[in-house]
Amino acid sequence: MLERHELEAFLTLAEELHFGRTAERLHVSTTRVSQTIRKVERLVGAPLFDRTSRRVALTPLGRTLEGEVRPGWTAVTAGVRRAIEAGRGGSGTLTAGFVSAAGGQLLARAAERFRTVRPGWDVVIREVRLGSGAQAVREREVDVLLTPDPVVDADLVAGGILLREARFLAVPAECEDAAGRPELSAEGATLPEVLTRVGAGQGVFVVGSHVRRYYARPDVAYRPVEGAEPVEWGLVWRREDGRDAVEGFNRAAFEVIDS
């Protein structure tokens with residue numbers, strides 16, 4: 001029977017038809033490739049390759065052998081690759097949702113860390129509408145959501161508090177004083193849309209301190225909310241999916257925060 005390295009050398013040379021390129025692919029010397037091929041030919045009892053100073057070609061027997069063993073070799077290597085992926089955390093696609101630019105950047109860093117330990121996984125990052133994050137998770141539009149003040153219920157589980165930041169109030173720049181400040185909470189599908197309405201005097205909106213950096217605007221002022229609890233950010237996901245991949249992504253997010 002052929003050993004694994006002998007079969008690999010034969011199939012690689014049958015594909016490359018060049019001893020030098022075969023040696024490069026196998027990370028061995030050309031002498032080692034020649035010795036291995038001669039050993040295989042002795043075992044078979046006939047030449048598998050025609051060799052000249054200018055070319056290498058399969059003999060009829062070599063073509064027959066390649067045709068019979070390559071499908072099995074391909075299946076074996078694919079099976080081993082799948083086993084390795086499973087041992088490293090499987091494979092698949094995880095969709096992570098965010099509601100602000102800073103959240104998107106954090107998820108991007110967490111995704112990079114996550115893929116280093118689970119190379120079989122892809123991470124898709126997408127923005128979700130303000131106020132509809134929990135629904136997006138429940139309806140499987142996203143698998144995990146980075147959200148302020150995460151809420152746990154019968155359907156959702158939180159992975160802990162990733163970070164805290166001071167609570168601020170976005171107000172129209174032209175009426176920063178308390179007397180002229182609108183009391184109505186501005187609404188919108190995205191944070192930029194909400195801030196546009198705040199700037200137009202159509203309400204105020206509670207935000208975290210990071211918004212001052214990522215959404216600086218001449219028509220909006222940010223004022224600290226005295227005595228308010230900080231905004232707490234964390235990941236939430238479906239309780240039924242609380243296993244392996246999503247928990248691994250949550251760990252990756254904490255590792256990014258701690259690094």
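Colleague: What makes strand 3 and strand 5 a pair?

Modeller: This is a predicted model, and in it strand 3 and strand 5 are joined in the parallel sense over 2 bridges. The cut-off for pairing is at least two bridges, so 2 is enough to count. One place to look is Gly 97, which stands opposite Leu 145 in strand 5.

Colleague: And which helices pack on that sheet?

Modeller: Helix 5 is one of them, touching strand 3, strand 4, strand 5, strand 6 and strand 10. The direction of helix 5 makes about 175° with that of strand 4. Helix 9 packs on the sheet too, touching strand 3, strand 4, strand 5, strand 6 and strand 10, and its direction makes about 10° with that of strand 6.

Colleague: What is the strand order in that sheet, and how is the pairing described?

Modeller: The order is 4-3-5-10-6, an open sheet of 5 strands with mixed pairing.

Colleague: Why are strand 4 and strand 6 called edge strands?

Modeller: Each of them pairs on one side only. As for the twist, it averages 20° from one strand to the next.

Colleague: Where is the other open sheet, the one with 3 strands?

Modeller: Look for the order 8-7-9, with antiparallel pairing. The edges there are strand 8 and strand 9 (220-224), each pairing on one side only. In this sheet the twist averages 40° from one strand to the next.

Colleague: How do you know that strand 7 and strand 9 pair?

Modeller: Strand 7 (residues 167-172) is joined to strand 9 by 5 bridges, and the two run antiparallel. At least two bridges are needed, so with 5 the pair qualifies. Leu 169 stands opposite Arg 223 in strand 9.

Colleague: On to the interior. Which residues have the most contacts inside the largest nonpolar core?

Modeller: Leu 94, Leu 107, Val 144, Leu 146, Leu 235 and Phe 249, in a core of 32 residues. Among the elements giving two or more residues to this core are strand 3 (92-98), helix 5 (101-117), strand 10 (231-238) and helix 9 (244-258). Helix 9 supplies the largest share, 6 residues.

Colleague: What does Phe 249 touch, leaving aside its neighbours within four places in sequence?

Modeller: Its contacts are Leu 94, Ala 96, Leu 107, Ala 110, Ala 111, Phe 114, Val 123, Val 144 and Leu 235. There is also a second, separate core of 17 residues, which includes Leu 13, Val 33, Val 40 and Leu 58.

Colleague: Why are helix 2 and helix 3 called roughly perpendicular?

Modeller: They pack at an angle of about 100°, with their axes 8 Å apart. The range for roughly perpendicular is 65 to 115 degrees, so about 100° falls inside it. Helix 2 brings Phe 19, Gly 20, Thr 22 and Ala 23 to the contact, and helix 3 brings Thr 30, Val 33, Ser 34 and Ile 37. By class, that gives 4 nonpolar, 4 polar and no charged residues.

Colleague: What makes His 27 exposed?

Modeller: Its relative accessible area is 72%, and exposed means over 50%, so His 27 meets the cut-off. His 27 sits in the loop between helix 2 and helix 3. His 27 also has a positive phi of about 60° although it is not a glycine.

Colleague: Which loop holds Asp 149, and what is its phi?

Modeller: Asp 149 is in the loop between strand 5 and strand 6, with a positive phi of about 50°, again without being a glycine. At 33% relative accessible area, Asp 149 lies between the 20% and 50% cut-offs, so it is called partly exposed.

Colleague: How do you know that His 210 is buried?

Modeller: Its relative accessibility is 14%, and buried means under 20%, so His 210 counts as buried. His 210 lies in the loop between strand 8 (205-208) and helix 8 (211-214). Not counting residues up to four places away in sequence, His 210 touches Ser 100, Ala 102, Glu 165 and Trp 233.

Colleague: Last one: why is Gly 92 called partly exposed?

Modeller: Gly 92 has a relative accessible area of 27%, which is neither under 20% nor over 50%, so partly exposed is the right label. Gly 92 belongs to strand 3. Apart from neighbours within four places in sequence, Gly 92 is in contact with Gly 120, Trp 121 and Asp 122.

Technical notes. Residues numbered from 1 in each chain as written. Predicted model: local features only at pLDDT ≥ 70, side-chain atom pairs only at ≥ 80, totals over all residues. Heavy atoms only, no water. Helix = DSSP H or I, 4+ residues; strand = E, 2+ residues; numbered from the N terminus. Buried < 20%, exposed > 50% of the residue type's maximum accessible area, 1.4 Å probe, protein only. Contact = heavy atoms within 4.5 Å. Axes fitted to C-alpha atoms, helices over the stretch in contact; angles between N-to-C directions. Nonpolar A, V, L, I, M, F, W, Y, C, P; charged D, E, K, R; others polar. Core = buried A, V, L, I, M, F, W, Y, C linked by side-chain atoms within 4.5 Å.
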